[in-house]
Amino acid sequence: VTHSIPACIDSMTINSKQLNKESPVSIFAVNKCYVTVQEGTFFDGSGFAALVRQGYKVRSDVNITLEFRTTMMHGVLLGVSSAKVDAIGLEIVNGKVFFHVNNGAGRITAAYEPRGTNSLCDGKWHKLQANKSKHHISLIIDGNLVQSDNPYIQSTSADTNNPIYVGGYPADVKQNCLTSKSSFRGCLRNLVLTKGQQAELFDFSRAFDLRGVFPHSCPGAEH
């Protein structure tokens, strides 16, 4: 076994002596335990998860689905970029959700604006689906569809080759389809990227870089 246990551990004794967990010699990626816990991954607003070290190739088509829960009005959800301008990005800005795509000719955006200013940032789970099919893009939030016209119909492929950054990204990494630098604070679950018939569910505990991200546990109430 090479990865940590997604659980809470308390009252550990060795040779009848109780360990003092309040003052550890060293600590890494250990969070609080929660009275109530939900399935999902907690992002504390300070970092990101990095997936697919060798680089994810969006190309002509990709369908992204995820669920998010937050009380913050801003936050990066997902970004995949390239060294050039090709990229895709999902973000929450002022309580609205934006899906940006650049196939090389220019950025296009599908934007979902909820009726209530903070109705997406109400601490409840919301379903998101972002679809890029050649030069067409669409965004579905809780069943509500938004589509965007693309003037660059000849340009159909986003030739990305960088990792998938979720919930934020490092300061030295360029993201051509994100306007926000704010790391996401809240919970994400069921991140699936589908190309054609091939769907891939991403497990955040298998990310090659995790900062301020706690897989497998989403707090209901802290204690």
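**Close-up views of a predicted model**

**View 1. Arg206 and Asp203 pair up in a salt bridge, with 3.9 Å between their closest N and O atoms.** This is a predicted model, so please read each view with that in mind. Arg206 is exposed, at a relative accessible area of 60%, whereas its partner Asp203 is partly exposed, at 31%. Asp203 also turns up in View 4, where it is one of the residues lining the second largest pocket.

**View 2. Lys96 and Glu113 join their side chains in a salt bridge, at 4.0 Å from N to O.** Lys96 belongs to strand β8 (residues 96-102), while Glu113 sits in the loop between β9 (107-112) and β10 (126-133), so this pair ties together parts that are 17 residues apart in sequence. The two ends fall into separate exposure classes: Lys96 is partly exposed, with a relative accessible area of 27%, and Glu113 counts as exposed at 56%. If you are wondering about the wider tally, a search of the whole structure finds 4 salt bridges.

**View 3. Asp209 meets Arg211 in a salt bridge whose closest N and O atoms are 2.9 Å apart.** Both partners count as partly exposed: Asp209 has a relative accessibility of 21%, and Arg211 has one of 42%. For Asp209, the cut-off is worth having at hand, because buried means under 20% relative accessible area. As a general reminder for these paired views, side chains of opposite charge can pair when their charged atoms come close.

**View 4. The second largest pocket holds about 200 Å³ of space.** Its lining is made by Glu39, Gly40, Thr41, Leu188, Arg189, Asn190, Leu191, Leu201, Phe202, Asp203, Phe204 and His216. Strand β14 (residues 185-195) gives the largest share of this lining, with 4 residues. Sorted by class, the pocket wall has 5 nonpolar, 4 polar and 3 charged residues. Asp203 in this wall is the salt-bridge partner of Arg206 from View 1.

**View 5. The largest cavity has a volume of about 30 Å³.** The structure holds 1 cavity of 30 Å³ or more. Around the largest cavity you will find Val101, Asn102, Asn103, Ala105, Gly106, Ile108, Asn150, Tyr152 and Ser155. This lining has no charged residues and divides into 4 nonpolar and 5 polar ones.

**View 6. Ile5, Ile9, Met12, Ile14 and Leu19 make a nonpolar surface patch of about 490 Å².** Leu19 is a handy place to start looking: this residue lies in the loop between β2 (17-18) and β3 (34-38). Leu19 is partly exposed, with a relative accessible area of 44%. That value fits the rule for joining a patch, because patches are made of residues with over 30% relative accessible area and no salt bridge.

**View 7. Val52 and Arg59 share the loop between β4 and β5.** The strands on either side are β4 (41-51) and β5 (61-69). Val52 has a positive phi, near 60°, although this residue is not a glycine. Arg59 is likewise a residue other than glycine with a positive phi, here of about 55°. For context, most residues other than glycine have a negative phi. Arg59 is partly exposed, with a relative accessible area of 45%.

How values were computed. Residues are numbered from 1 along each chain as its sequence is written. This is a predicted model: local features need pLDDT of at least 70, side-chain atom pairs count only at pLDDT 80 or more; totals for chains, interfaces and linings use all residues. Side-chain values use heavy atoms; hydrogens and water are left out. Patches are made of residues with over 30% relative accessible area and no salt bridge: like charges are joined within 9 Å, nonpolar side chains (Val, Leu, Ile, Met, Phe, Trp, Tyr) within 5 Å. Accessible areas come from the Shrake-Rupley method with a 1.4 Å probe; for residues, only the protein chains shown count as cover. Helices (H or I, at least four residues) and strands (E, at least two) are DSSP runs, numbered from the N terminus. Buried means under 20% relative accessible area, exposed over 50%, partly exposed in between (1.4 Å probe, protein chains only). On a 1 Å grid over the protein atoms alone, a cavity is a set of points where a 1.4 Å probe fits but cannot get out, and a pocket is an open set with protein on both sides within 12 Å along at least five of seven lines; lining residues have an atom within 4 Å of a point. Grid points are joined across faces, edges and corners, and a volume is the space filled by probe spheres set on the points. Ala, Val, Leu, Ile, Met, Phe, Trp, Tyr, Cys and Pro count as nonpolar, Asp, Glu, Lys and Arg as charged, and the others, Gly among them, as polar.
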